[in-house]
Amino acid sequence: MSLHPHLGQLIFFEFELTNPLNKSERFLIENSNPELRVVVESQEWSHLRQFVTPAVEISWSFPVERCVIDLDSNNEAHLMVNAHETVSIPFVFRHDFPSSASKGCHERYNITVKFI
């Protein structure tokens, strides 16, 4: 997925994750960029779906769920997914830090998100 944010822009998207295992698994969501965060509150997720145009097409086949993603004591996001289940994970990206090379145009970002 490619994001092309303007400075100060909020980008909302959802990522569909399928557990390929034959058992339920708890996944840690690792993220390499402080401007990207997982939405953990269902109220915020509902608000984003209602008022923010998603950056990529979303099927909306997954309802907003409560308590799907939780944060541990280190503020790391975790997600429990049943065997072969597919879930939607909401993310927001807010581009607040201009790069020294920025000249007001769209910048391309490579952000690694791992599900461990």
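**Exercise 1. Explain how far strand 6 is enclosed, and describe what it pairs with.**

Step 1. Of the 9 residues of strand 6, 7 are buried, so this strand is largely enclosed by the rest of the structure. The structure is a predicted model, and what follows describes that model.

Step 2. Turning to pairing, three strands make up an open sheet, in which 3 strands stand in the order 1-6-3 with antiparallel pairing. The edge strands are strand 1 and strand 3, each of which pairs on one side only. From one strand to the next, the twist averages 30°.

Step 3. Strand 1 is joined to strand 6 in the antiparallel sense over 9 bridges, while 3 bridges join strand 3 to strand 6, again with an antiparallel run. In general, the strands of a sheet pair through backbone hydrogen bonds, and they do so in either a parallel or an antiparallel way.

Step 4. Individual partners can now be located in the structure: Phe15 stands opposite Ile89 of strand 6, Ile11 has Phe93 of strand 6 as its bridge partner, and Val38 stands opposite Phe91, which also belongs to strand 6.

**Exercise 2. Place the sheet within the whole chain, using the order of the helix and the strands.**

Step 1. The protein holds 1 helix and 7 strands, and along the sequence these follow the pattern β-β-β-α-β-β-β-β.

Step 2. Helix 1, which covers residues 42-51, packs on the sheet and touches strand 1, strand 3 and strand 6. The direction of this helix makes about 115° with that of strand 1.

Step 3. Contacts across the sequence complete the picture: among those between residues at least 6 apart in sequence, 78% join residues at least 24 apart.

**Exercise 3. Identify the residues of the largest nonpolar core that have the most contacts inside it, and say which strands supply the core.**

Step 1. The largest nonpolar core has 16 residues, and those with the most contacts inside it are Leu17, Ile29, Val38, Ile69, Leu79, Ile89 and Phe91.

Step 2. At least two residues of this core come from each of strand 1 (10-18), strand 2 (25-31), strand 3 (36-38), strand 5 (77-81) and strand 6 (86-94). Strand 6 gives the most, with 4 residues.

Step 3. Another core, of 6 residues, lies apart from the largest one, and among its members are Phe12, Val39, Val52 and Val92.

Step 4. For the protein as a whole, 34% of the 116 residues count as buried, and the protein exposes about 7,400 Å², of which carbon and sulfur atoms supply 50%.

**Exercise 4. Decide whether Trp45 is buried or exposed, and list its contacts beyond its neighbours in sequence.**

Step 1. Trp45 belongs to helix 1.

Step 2. Its relative accessibility is 4%, and since buried means under 20%, Trp45 counts as buried.

Step 3. With neighbours within four places in sequence left aside, Trp45 is in contact with Phe12, Glu14, Val39, Pro63, Val64, Glu65, Ser88 and Pro90.

Step 4. Trp45 and Val92 are 47 residues apart in sequence, and their C-alpha atoms are 9.6 Å apart in space.

**Exercise 5. Examine the loop residues Pro54, Asn75 and His84.**

Step 1. Pro54 lies in the loop between helix 1 and strand 4 (69-71), and with a relative accessible area of 23% this residue is partly exposed. Although Pro54 and Phe12 are 42 residues apart in sequence, they are 5.1 Å apart in space, taken from C-alpha to C-alpha.

Step 2. Most residues other than glycine have a negative phi. Asn75, by contrast, has a positive phi near 65°; this residue is found in the loop between strand 4 and strand 5 and counts as exposed at 56% relative accessibility.

Step 3. His84 likewise has a positive phi, of about 60°, although it is not a glycine. His84 sits in the loop between strand 5 and strand 6, where it is partly exposed, with a relative accessible area of 48%.

**Exercise 6. Determine where the pLDDT is below 50, and say how that stretch should be read.**

Step 1. The protein averages a pLDDT of 80, and 74% of the residues score at least 70.

Step 2. Over residues 100-105 the pLDDT is below 50, and beyond near neighbours in sequence this stretch has 1 contact in the model.

Step 3. Where pLDDT is low, the predicted coordinates should not be read in detail.

Technical notes. Residues are numbered from 1 along each chain as its sequence is written. This is a predicted model: local features need pLDDT of at least 70, side-chain atom pairs count only at pLDDT 80 or more; totals for chains, interfaces and linings use all residues. Side-chain values use heavy atoms; hydrogens and water are left out. Buried means under 20% relative accessible area, exposed over 50%, partly exposed in between (1.4 Å probe, protein chains only). Contact means heavy atoms within 4.5 Å. Accessible areas come from the Shrake-Rupley method with a 1.4 Å probe; for residues, only the protein chains shown count as cover. pLDDT is the predictor's confidence in each residue, from 0 to 100. A nonpolar core is a set of buried Ala, Val, Leu, Ile, Met, Phe, Trp, Tyr and Cys residues joined through side-chain atoms within 4.5 Å. Two strands pair if DSSP finds at least two bridges between them. Axes are lines fitted to C-alpha atoms, for helices over the stretch in contact, and angles run from 0 to 180 degrees between N-to-C directions.
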